Amino acid sequence: LKPVGSKQARAIIGVVPQSLSEDMAVNPGHVVESAIVPGDLNYVWGLIKSMQYKFSKQVIQAKREDGDDTASLGQYSIAYADNTVQTVRITEVSERLPLKRSIGMEMVSSDPAVQYSARNDQITLSAITHGDSPATFVEFSSDFSSDVSMEVLEDSKFKKRDFFDDLIAFSGSAAASK
């Protein structure tokens, strides 16, 4: 391949000049972490889907805001140990495939306010089908609005790791007691 010549030629074919790409901040606004959690898919899914977060040391209380607890979709207030209260709306729940489960949610509000406009989270679980003991692969991803800072993205990464540490400890102790 020949290098693209003039600025006009690069503009026509959509090539960004090297000097511009070096000056642009790369901030995709996407954070994803994953872990292998002890316990079969249905057990781990029950801990996640309930939205109670009884395994988390960071969550003091989580409760459904709108009426009927039996419906899958709804809105939940989650109170954290740092005195933050966030409200999330469940946007999707999937139990269609036999070895996969997922839940999607969007942040509706936060007190105190967060430093970005929007966040959508998804937690996806997949059964581990070969191993010495039952386990589940869990992936937790967040997509943020374009006004998010790198500090918020890093904070989200480490909070997800804390989430997994708590989930693994809780699930592992429950599996050990069986």
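These exercises, each with a worked solution, explore a predicted model.

**Exercise 1. The sheet**

Find the order of the strands in the open sheet, and explain why one side of β1 and of β2 is left without a neighbour.

*Solution.*
Step 1. Start with the general rule. Strands of a sheet pair through backbone hydrogen bonds, in a parallel or an antiparallel way.
Step 2. Read off the order. The seven strands run β1-β7-β6-β5-β4-β3-β2, and the pairing is antiparallel.
Step 3. Look at the ends. β1 (30–38) and β2 (59–64) stand at the edges. Each has a single partner strand, so one side of each has no neighbour in the sheet.
Step 4. Add the twist. On average, neighbouring strands are turned by 25° against each other, direction ignored.

**Exercise 2. Bridges between strands**

State how many bridges join β1 to β7, β6 to β7, and β3 to β4.

*Solution.*
Step 1. Take β1 and β7. They run antiparallel and are joined by nine bridges. Pro-38 has Ala-135 in β7 as its bridge partner.
Step 2. Move to β6 and β7. This antiparallel pair has nine bridges. Here Arg-119 stands opposite Phe-144 in β7.
Step 3. Finish with β3 (residues 75–80) and β4 (residues 85–94). Five bridges hold this antiparallel pairing. Ser-77 stands opposite Thr-87 in β4.
Step 4. Check how covered β7 is. Seven of its ten residues are buried, so β7 is mostly covered.

**Exercise 3. A helix on the sheet**

Name the strands that helix α3 lies across.

*Solution.*
Step 1. Locate the helix. α3 spans residues 41–49.
Step 2. List the strands. They are β1, β4, β5 (100–111), β6 (119–127) and β7 (135–144).
Step 3. Note the angle. α3 runs at about 15° to β5.

**Exercise 4. Arg-119 and Ser-34**

Decide for Arg-119 and for Ser-34: buried, partly exposed or exposed?

*Solution.*
Step 1. Recall the cut-offs. Buried means under 20% relative accessible area, exposed means over 50%, and partly exposed lies in between.
Step 2. Place Arg-119 in strand β6. Its relative accessibility is 11%, so Arg-119 counts as buried.
Step 3. Check its surroundings. The side chain of Arg-119 makes a polar contact with the side chain of Asp-121, at 3.0 Å. Leaving out residues up to four places away in sequence, Arg-119 touches several residues, including Gln-86, Met-105 and Ser-142.
Step 4. Place Ser-34 in strand β1. At 39%, Ser-34 counts as partly exposed.
Step 5. Look across the chain. Ser-34 and Val-138 are 104 residues apart along the chain, yet 5.5 Å separates their C-alpha atoms.

**Exercise 5. The largest pocket**

Give the volume of the largest pocket and say which element supplies the largest share of its lining.

*Solution.*
Step 1. State the volume. It is about 790 Å³.
Step 2. Look to the centre. Of the 32 lining residues, Tyr-80, Gln-86, Arg-119, Asp-155 and Lys-159 are the closest to it.
Step 3. Sort the lining by element. β3, β4, β5, β6, β7 and α4 (150–176) each supply at least two residues. The largest share, nine residues, comes from α4.

**Exercise 6. Loops with unusual angles**

Find where Met-51, Asn-83 and Pro-112 lie, and describe the backbone at each.

*Solution.*
Step 1. Met-51 sits in the loop between α3 and β2. Its phi is positive, about 60°, although Met-51 is not a glycine. With 0% relative accessibility, Met-51 counts as buried.
Step 2. Asn-83 lies in the loop between β3 and β4. Its phi is near 70°. At 64% relative accessibility, Asn-83 counts as exposed.
Step 3. Pro-112 is in the loop between β5 and β6. The peptide bond from Asp-111 to Pro-112 is cis, with omega near 5°.

How values were computed. Residues are numbered from 1 along each chain as its sequence is written. This is a predicted model: local features need pLDDT of at least 70, side-chain atom pairs count only at pLDDT 80 or more; totals for chains, interfaces and linings use all residues. Side-chain values use heavy atoms; hydrogens and water are left out. Two strands pair if DSSP finds at least two bridges between them. Helices (H or I, at least four residues) and strands (E, at least two) are DSSP runs, numbered from the N terminus. Axes are lines fitted to C-alpha atoms, for helices over the stretch in contact, and angles run from 0 to 180 degrees between N-to-C directions. Contact means heavy atoms within 4.5 Å. Buried means under 20% relative accessible area, exposed over 50%, partly exposed in between (1.4 Å probe, protein chains only). A polar contact is a pair of N or O atoms within 3.5 Å; within protein, one must be able to donate a hydrogen and the other to accept it, and residues adjacent in sequence count only if both atoms are side-chain atoms. On a 1 Å grid over the protein atoms alone, a cavity is a set of points where a 1.4 Å probe fits but cannot get out, and a pocket is an open set with protein on both sides within 12 Å along at least five of seven lines; lining residues have an atom within 4 Å of a point. Grid points are joined across faces, edges and corners, and a volume is the space filled by probe spheres set on the points.
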